[in-house]
Amino acid sequence: MMLRSIKSLATSPSSHILRRGYASEAVPDRKVAVLGAAGGIGQPLALLMKLNPLVSSLALYDIANTPGVAADVGHINTRSEVSGYSGEAELGKALEGADVVIIPAGVPRKPGMTRDDLFNINAGIVKGLCQAIAKYCPHVSIEILLKQVCLYATVKFDGLVKLYLALVNMISNPVNSTVPIAAEVFKKAGTYDPKRLFGVTTLDVVRAKTFYAGKAKVPVAEVNVPVVGGHAGITILPLFSQATPKANLSDAEITALTKRTQDGGTEVVEAKAGKGSATLSMAYAGAIFADACLKGLNGAPDVVECSYVQSTITELPFFASKVLRCFAPLSDVALWYPVRLGKNGVEEVLGLGPLSDYEKEGLEKLKPELQSSIEKGIKFANQ
Ligand SMILES: NC(=O)C1=CN([C@@H]2O[C@H](COP(=O)(O)OP(=O)(O)OC[C@H]3O[C@@H](n4cnc5c(N)ncnc54)[C@H](O)[C@@H]3O)[C@@H](O)[C@H]2O)C=CC1
Ligand SMILES: O=C([O-])CC(=O)C(=O)O
């Protein structure tokens with residue numbers, strides 16, 4: 001069987017396909033689009049993506065101010081070519097041919113607000129952007145099956161044309177609802193592939209690692225902590241019982257670490273006192289997750305990150321957990337847990353592993369809130 005994937009828009013000119021050819025197999029061309037690129041997260045994220053050698057083309061889109069950000073970041077002497085796109089009329093150009101689309105567009109919290117308080121504004125923003133992604137970001141993949149070689153060297157081919165969407169990294173809050181909104185929009189457009197839609201919960205992992213290292217007095221670079229569930233308050237469930245390196249922390253210390261991880265976003269919102277929420281640490285976390293997606297697309301083995309994806313790990317349709325580097329279909333429920341990433345997006349949604357009694361209790365407590373946020377997103381998208 002000869003299998004060849006031609007990544008390109010159906011509407012793209014053939015020169016585009018050639019430009020994205022296979023001459024440099026080791027580091028393929030990859031286009032990353034950032035939507036909301038002129039914002040508090042968008043700007044440092046644009047900088048970090050410009051520093052990523054896996055990116056060959058960086059498209060920066062916002063409703064305003066992107067030309068300046070693109071000119072600034074574009075002067076950095078790294079591999080990628082940078083282009084800025086401003087206003088809805090340019091959204092299509094920003095998205096065309098993108099392999100990874102990162103969405104930090106929308107309003108951030110102010111003190112006293114929950115992430116869900118952002119729903120009314122951000123749900124509409126995310127819906128509109130996802131409609132554009134569904135329109136401009138499918139890649140055509142042609143699988144050619146070598147059917148038969150007979151005596152006279154007659155060769156028969158069977159072609160199978162498939163549509164694949166770019167990998168979508170959703171940062172905009174409330175993530176617990178914006179990911180289901182995106183899923184519904186893609187379903188309506190006929191472009192939904194659960195392996196290719198991710199809620200970015202990496203910042204929860206980043207925080208859990210930092211707080212654990214401080215408390216356990218272990219080198220932060222060596223720390224691993226899975227964080228599962230969702231991305232708001234008690235739906236964020238760090239699994240400190242699985243943290244490595246192991247440390248002998250008391251129940252009270254684990255409870256305090258859990259609460260601090262769950263309230264990490266609020267800690268920043270309050271410290272910024274009305275000037276927004278986490279931007280720098282979020283840009284860092286977003287860059288880590290996008291890098292994992294690019295590595296997965298490029299075929300690197302064993303790329304595992306936590307992400308909020310469609311999942312069957314629990315009865316909830318979306319759930320965050322570990323994902324193995326890949327992009328294959330999950331099933332009907334989402335919960336945030338580790339996923340393995342690969343050429344197609346999610347290759348495998350990894351299980352939760354053994355939970356402590358405290359974590360089991362946390363898991364049961366988070367389900368009603370997460371379920372209702374998922375339903376709210378689905379309802380909005382179908383109005
Ligand atoms: N997933 C996570 O862990 C985190 C998520 N967030 C969320 O990220 C979002 C962005 O936060 P910030 O960058 O601090 O906000 P910001 O207000 O500084 O930037 C948002 C940007 O989005 C742009 N924008 C608004 N509507 C748009 C549209 N239709 N198309 C494209 N761009 C549009 C704005 O012009 C602005 O430049 C918020 O919803 C925030 O809650 C923030 C931190 C962590
Ligand atoms: O707390 C917020 O509003 C922003 C966010 O999601 C985070 O920092 O985790």
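Helices (H or I, at least four residues) and strands (E, at least two) are DSSP runs, numbered from the N terminus. With that in hand, here are the close-up views; please keep in mind that this is a predicted model.

**View 1. Two cis prolines, each in a loop.** Let us start with the backbone around Pro-174, which sits in the loop between β8 (167-170) and α6. The peptide bond that joins Asn-173 to Pro-174 is cis, with omega about -5°. Now turn to Pro-245, which lies in the loop between β11 (236-238) and α8 (251-262). Its bond to Thr-244 is again a cis peptide bond, here with omega about -10°.

**View 2. A positive phi at Ala-273.** For anyone checking backbone torsions, Ala-273 deserves a visit: its phi is near 45°, a positive value in a residue other than glycine. You will find Ala-273 in the loop between α9 and α10.

**View 3. The surroundings of ligand 1.** The shell here has 32 residues, and those that come nearest to ligand 1 are Gly-36, Gly-39, Gly-40, Ala-105 and Asn-173. Asn-173 may look familiar, as it is the partner of Pro-174 in a cis peptide bond. Which helix gives the largest share of the shell around ligand 1? That is α5 (residues 119-136), with four residues. Sorted by class, the shell around ligand 1 holds 17 nonpolar, 13 polar and two charged residues.

**View 4. The surroundings of ligand 2.** Asn-173 appears in this shell too, together with Pro-108, Arg-109, Arg-115 and Leu-203. The rest of the residues around ligand 2 are Gly-264, Gly-265, Thr-266, Val-268, Val-269, Ser-277 and Ala-278. Helix α9 (residues 264-272) supplies the largest share, five residues. The class count for the shell around ligand 2 is five nonpolar, five polar and two charged residues.

**View 5. Helix α7 against helix α10.** Here α7 (residues 202-216) packs on α10 (residues 280-297) with the axes 8 Å apart and an angle of about 110°. Angles of 65 to 115 degrees count as roughly perpendicular, so α7 is roughly perpendicular to α10. The two helices make a right-handed crossing. On the α7 side, Thr-202, Leu-203 and Val-206 make the contact. On the α10 side, the partners are Ser-281, Met-282, Tyr-284, Ala-285, Gly-286, Ile-288 and Phe-289. This contact between α7 and α10 has seven nonpolar and three polar residues, with no charged ones. Leu-203 links this view to the previous one, being also among the residues around ligand 2.

**View 6. Helix α6 against helix α11.** How are α6 and α11 set relative to each other, parallel or oblique? The axes of α6 (residues 175-189) and α11 (residues 357-381) come within 7 Å and cross at roughly 40°. Angles under 35 degrees would count as roughly parallel, and α6 and α11 are therefore oblique to each other. The crossing of α6 and α11 is right-handed. From α6, the residues at the meeting point are Asn-176, Ser-177, Thr-178, Pro-180, Ile-181, Glu-184 and Val-185. From α11 come Leu-370, Ser-373, Ile-374, Lys-376, Gly-377, Ile-378, Phe-380 and Ala-381. Eight nonpolar, five polar and two charged residues make up the contact of α6 with α11.

**View 7. Confidence along the chain.** A last view for judging the model: the chain has an average pLDDT of 87, and 83% of the residues score at least 70. Residues 1-24 have pLDDT below 50, and beyond near neighbours in sequence this stretch has 30 contacts in the model. Residues 325-336 also have pLDDT below 50, with 94 contacts beyond near neighbours in sequence. For the complex, the predictor gives an ipTM of 1.00 and a pTM of 0.89.

Technical notes. Residues numbered from 1 in each chain as written. Chains lettered and ligands numbered in written order. Predicted model: local features only at pLDDT ≥ 70, side-chain atom pairs only at ≥ 80, totals over all residues. Near = placed C-beta within 6 Å. Nonpolar A, V, L, I, M, F, W, Y, C, P; charged D, E, K, R; others polar. Axes fitted to C-alpha atoms, helices over the stretch in contact; angles between N-to-C directions. Parallel < 35°, antiparallel > 145°, perpendicular 65-115°, else oblique. Left-handed = near helix turned anticlockwise from the far one by under 90°. Contact = placed C-beta atoms within 7 Å. pLDDT = per-residue confidence, 0-100.
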